[in-house]
Structures are given as C-alpha cells and as structure tokens.
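Thank you all for coming; I would like to take you through one structure this morning, a few places at a time. Please have the sequence and the model in view as I go.

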Amino acid sequence: MSETVVHSTPIRVRYAHTDKMGIVYNGNYLMFFEIGRTELLRASGLPYAELEREGFLLPVLEAHVVYHKPARYDEMLDIITTYEPKVSPVLTMSYDIRRGDDAIVSGFTKHAFVDAISFRPVRPPRSFLTTMHRS
C-alpha cells in the first residue's frame, strides 16, 4: 500500500495578498494551494516543471475552500499539503493553512492529467506513479 505524502510550506503574507480590510483576500488561498501543491511535488522528487517537460499538465477540475479565521499582512502561515495515493484518474490534494495552532483555511483541489498538446485526459505518467506511489 502506498503511503500518504505530506509537505509543509511556510509563506509570509505579503501586502499584495491582502484586501482593503487588511486580511488575505479569499481568492489568494487558491494561489497558496498551488504553492503547496508544487512544493509537495518538488520535495517528493518530481518538480511540476518536469511533468510539463514530459508533456503533461494538471488542470484543476474542482476546488473547495473553507475559511476558518482571517490571516493578515506579515503573518507567517504554513501550507500543509497532503496527497493520498489512490488508483484513480482524478488526483486529489488536500490543504490546511495554519498560523501556529490556528486553522486559517482548509480545502482540496482535484486534477486530471492531460496531454500538453491535445489537452485530452491521459493516465498518470510513470514518473508520477513511481515517485508518488512508493510502497
């Protein structure tokens, strides 16, 4: 059975991430999810850029975000990204964004592998399966 992959990425809230109320704009959490996802892949030994060089893309099919508490300018947050390997054409990543013990945002994204030229769905590449589905 493959093991769950978890990676934590620290990020400092920049002024550009905030809205007029001085808190992180809600849509920016999807960007934080992307940061967590790409850093999880990099830390696992398969940078997203390598998947692109191999001719694969991972468009988002679905995104879900739950807002728990606001985050403000200059705070340090941790983006905790989780991938549970499953035999499925849809790849799901889960996210917990935390400030210390405080849950700020949680959610998930679902993706499909597609061919970079035709944009047609394809099976996950061997490099992904080998890297992310280690026993």
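**A walk through the model**

Let me begin with Thr18, which sits in the loop between strand 1 (5–12) and helix 1 (28–44). I should say at once that this is a predicted model, and I will try to speak with that in mind. Is Thr18 buried or exposed? With a relative accessibility of 15%, Thr18 counts as buried, because the cut-off for that word is under 20%. Its side chain reaches the backbone oxygen of Tyr15 at 2.7 Å, and, if we leave aside the neighbours within four places in sequence, Thr18 is in contact with Val13, Ile23, Val24, Tyr25 and Tyr73.

Let us move on to a second loop, the one between strand 2 (56–57) and strand 3 (60–67), where Pro59 is found. Here the relative accessibility is 32%, so Pro59 counts as partly exposed. Which residues does Pro59 touch, not counting those up to four places away in sequence? They are Lys110, His111, Ala112 and Val114; for Val114, which is 55 residues apart from Pro59 along the chain, the two C-alpha atoms are separated by 7.6 Å.

The strand pairing belongs in the picture here. Strand 3 and strand 6 (residues 102–112) run antiparallel and are joined by seven bridges, and one of the pairs to look for is Val60 with its bridge partner in strand 6, His111. Strand 6 also pairs with strand 5, again in the antiparallel sense, over ten bridges. In that pairing, Arg99 stands opposite Asp102 of strand 6, and the hairpin that strand 5 and strand 6 form has two residues between the strands, with Gly100 taking a positive phi near 60°.

Finally, I would like to turn to the pockets. The largest pocket has a volume of about 320 Å³, and the elements that give two or more residues to its lining are strand 4 (76–83), strand 5 (90–99) and helix 3 (126–132). How many residues line this largest pocket, and which lie nearest its centre? There are 17 lining residues, and those nearest the centre are Tyr83, Lys86, Ser88, Val90 and Leu91. Strand 5, which we have just met as a partner of strand 6, contributes the largest share of the lining, four residues. By character, the residues of the lining divide into nine nonpolar, five polar and three charged.

Notes. Residues are numbered from 1 along each chain as its sequence is written. This is a predicted model: local features need pLDDT of at least 70, side-chain atom pairs count only at pLDDT 80 or more; totals for chains, interfaces and linings use all residues. Side-chain values use heavy atoms; hydrogens and water are left out. On a 1 Å grid over the protein atoms alone, a cavity is a set of points where a 1.4 Å probe fits but cannot get out, and a pocket is an open set with protein on both sides within 12 Å along at least five of seven lines; lining residues have an atom within 4 Å of a point. Grid points are joined across faces, edges and corners, and a volume is the space filled by probe spheres set on the points. Ala, Val, Leu, Ile, Met, Phe, Trp, Tyr, Cys and Pro count as nonpolar, Asp, Glu, Lys and Arg as charged, and the others, Gly among them, as polar. Buried means under 20% relative accessible area, exposed over 50%, partly exposed in between (1.4 Å probe, protein chains only). Contact means heavy atoms within 4.5 Å. Two strands pair if DSSP finds at least two bridges between them. A polar contact is a pair of N or O atoms within 3.5 Å; within protein, one must be able to donate a hydrogen and the other to accept it, and residues adjacent in sequence count only if both atoms are side-chain atoms.
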